[in-house]
Amino acid sequence: MRALLKEPLLHFLVAGVALFALHGWMNPGEPAAASRPTVVIGKGDVDWLAETWARQWNRPPSQEEWRGLVNSFLKEQLLAREAVAMGLDGDDTIVRRRLAQKLEFLVQDTARLGEPTEAELRSYYDEHVEAFRTDARFSFAQIYFNPDRRADAASDAQAALRELSRAKALPGDLGDRLMIEADLHDVDERTAAALFGSKFAETLHELERDAWTGPVESGYGLHLVRLGAVQPAAQRPFAEVRDEVLVRWREERSQEAYAAYFADLLEKYEVVVDESIRPLVDSLPGLAGARE
C-alpha cells in the first residue's frame with residue numbers, strides 16, 4: 001500500500017482529476033448553460049438610480065449620463081453576484097446596508113402596483129380635508145423690543161404703544177433692530193411661525209385690524225404689531241388637488257406595505273438581542289418577545 005502511495009503515476013492521476021474538476025467548476029459546459037443565474041434590473045433599481053442621481057445633482061441625468069449609470073449598475077450587479085457566490089459578502093456593513101436599501105425600494109415599488117379608483121381617491125380626500133387647505137395669509141408690520149438689551153422690555157413696549165396711539169411717534173423711531181423685515185406682506189401662517197414662532201403666528205388670528213396692538217411674544221422677545229390685510233384659510237377643491245391626493249395616497253400605501261413586510265420578516269426570523277439594547281427592542285412592534 002505504501003509503495004502504491006509513492007507511485008508517481010498515481011500522483012499524476014490524482015492531480016489530473018483535481019485539475020479536471022477545477023476546470024469544470026470554473027468553465028461549465030453547454031448542458032449547464034441553460035441554468036445560468038439570472039441578473040434582473042427592475043423598476044425598483046431604476047427608481048433608485050434616478051433618485052440617487054437627482055438627490056446628488058438636483059436634476060435628472062442626461063441620456064449619456066443615464067446610459068453610464070445603467071452600464072455601471074449592470075457591472076456592479078454582476079460583480080456583486082460573483083462576490084456573494086464566493087462568500088465575500090460576510091460581515092460587510094456597506095453590503096448589508098445596500099442590500100437592505102434595495103429590498104426596501106422593491107417593497108415600496110410593489111406597493112405602487114395597485115392604483116386607486118377615483119372613488120377611493122375622493123374618499124381619501126374627504127378623510128384628510130385638513131391636509132388640502134390653503135394657509136391663512138397675513139400682511140403686518142412689527143416693532144421689536146429686545147429683552148436682552150432692556151431692563152423691562154414689556155413696559156417699554158407698552159409706552160411705545162401709547163405713543164403710537166397718540167400719533168406722537170413714527171414706527172421707525174421705536175424699538176430695537178431685528179434681522180427680520182419690519183413690514184411683511186402676504187405671509188402664510190407657516191412662514192410666520194417659522195420666522196417668529198408658532199405662538200406668534202396663532203396670535204395673528206386674534207389681532208385687531210389696522211391698529212397697533214401688543215406686545216406680542218415671539219421667539220426673539222416682544223413686538224408691537226399692526227395687522228393689515230388678512231386672507232383666511234380655505235378648502236381647496238378635489239379637482240384642484242387631485243394629483244397631490246394621489247401622491248399622499250401612494251406614500252401611505254407604500255408605508256403600510258413596508259410595515260406589513262417588516263412584520264412578516266419578524267415572524268419569519270427569530271431575533272436574538274443583547275440585554276443592553278432590550279429596552280430599545282421592546283419598543284418595536286413584534287419584537288417584544290425577542291430573546292437574549
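In which strand does P215 lie? Select P215 to start: this residue lies in strand β4, residues 212–217. Helices (H or I, at least four residues) and strands (E, at least two) are DSSP runs, numbered from the N terminus.

The model is predicted: local features need pLDDT of at least 70, side-chain atom pairs count only at pLDDT 80 or more, and totals for chains, interfaces and linings use all residues. Residues are numbered from 1 along each chain as its sequence is written, and side-chain values use heavy atoms, with hydrogens and water left out.

**Stop 1: backbone around β4**

Show the backbone of G214 and P215. A cis peptide bond joins these two residues, with omega of about 0°. Next select D210, in the loop between α10 (198–203) and β4. D210 is not a glycine, yet its phi is positive, about 55°. Most residues other than glycine have a negative phi, and most peptide bonds are trans.

**Stop 2: helix α5 and its two ends**

Select residues 63–85, which make up helix α5. The helix has 23 residues and reaches 33 Å from its first C-alpha to its last, close to the 33 Å expected at 1.5 Å a residue. The expected span is 1.5 Å times one less than the number of residues.

Colour L69, F73 and Q77 in α5: these residues are buried. Buried means under 20% relative accessible area, exposed over 50%, and partly exposed in between (1.4 Å probe, protein chains only). An α-helix has 3.6 residues a turn, so residues three or four places apart point the same way.

Just after α5, pick G87, whose phi is positive at about 75°. For the other side of the helix, go to N58, in the loop between α4 (43–57) and α5. N58 has a positive phi near 60° and is a residue other than glycine. N58 counts as exposed because its relative accessibility is 70%.

**Stop 3: I41 and a surface patch**

Select I41, in the loop between α3 (30–33) and α4. Leaving out residues up to four places away in sequence, I41 touches F73 and L74; contact means heavy atoms within 4.5 Å. I41 and F73 are 32 residues apart in sequence and 8.6 Å apart in space, C-alpha to C-alpha.

Why does I41 count as partly exposed? The reason is its relative accessibility of 31%. Add V46, L74 and L78: with I41 they form a nonpolar patch on the surface, with about 280 Å² of accessible area together. Patches are made of residues with over 30% relative accessible area and no salt bridge; like charges are joined within 9 Å and nonpolar side chains (Val, Leu, Ile, Met, Phe, Trp, Tyr) within 5 Å. A salt bridge is a side-chain nitrogen of Lys or Arg within 4 Å of a carboxyl oxygen of Asp or Glu. Areas come from the Shrake-Rupley method with a 1.4 Å probe, and for residues only the protein chains shown count as cover.

**Stop 4: the nonpolar cores**

Show F140, F196, F200, L204 and V225 as sticks. Of the 17 residues in the largest nonpolar core, these touch the most other members. β2 (137–145) gives this core its largest share, 3 residues. A nonpolar core is a set of buried Ala, Val, Leu, Ile, Met, Phe, Trp, Tyr and Cys residues joined through side-chain atoms within 4.5 Å.

Centre on L204. Apart from neighbours within four places in sequence, L204 is in contact with F138, F140, A192, V225 and L227. Then move to a second, separate core of 12 residues, which includes I143, A153, W212 and L224.
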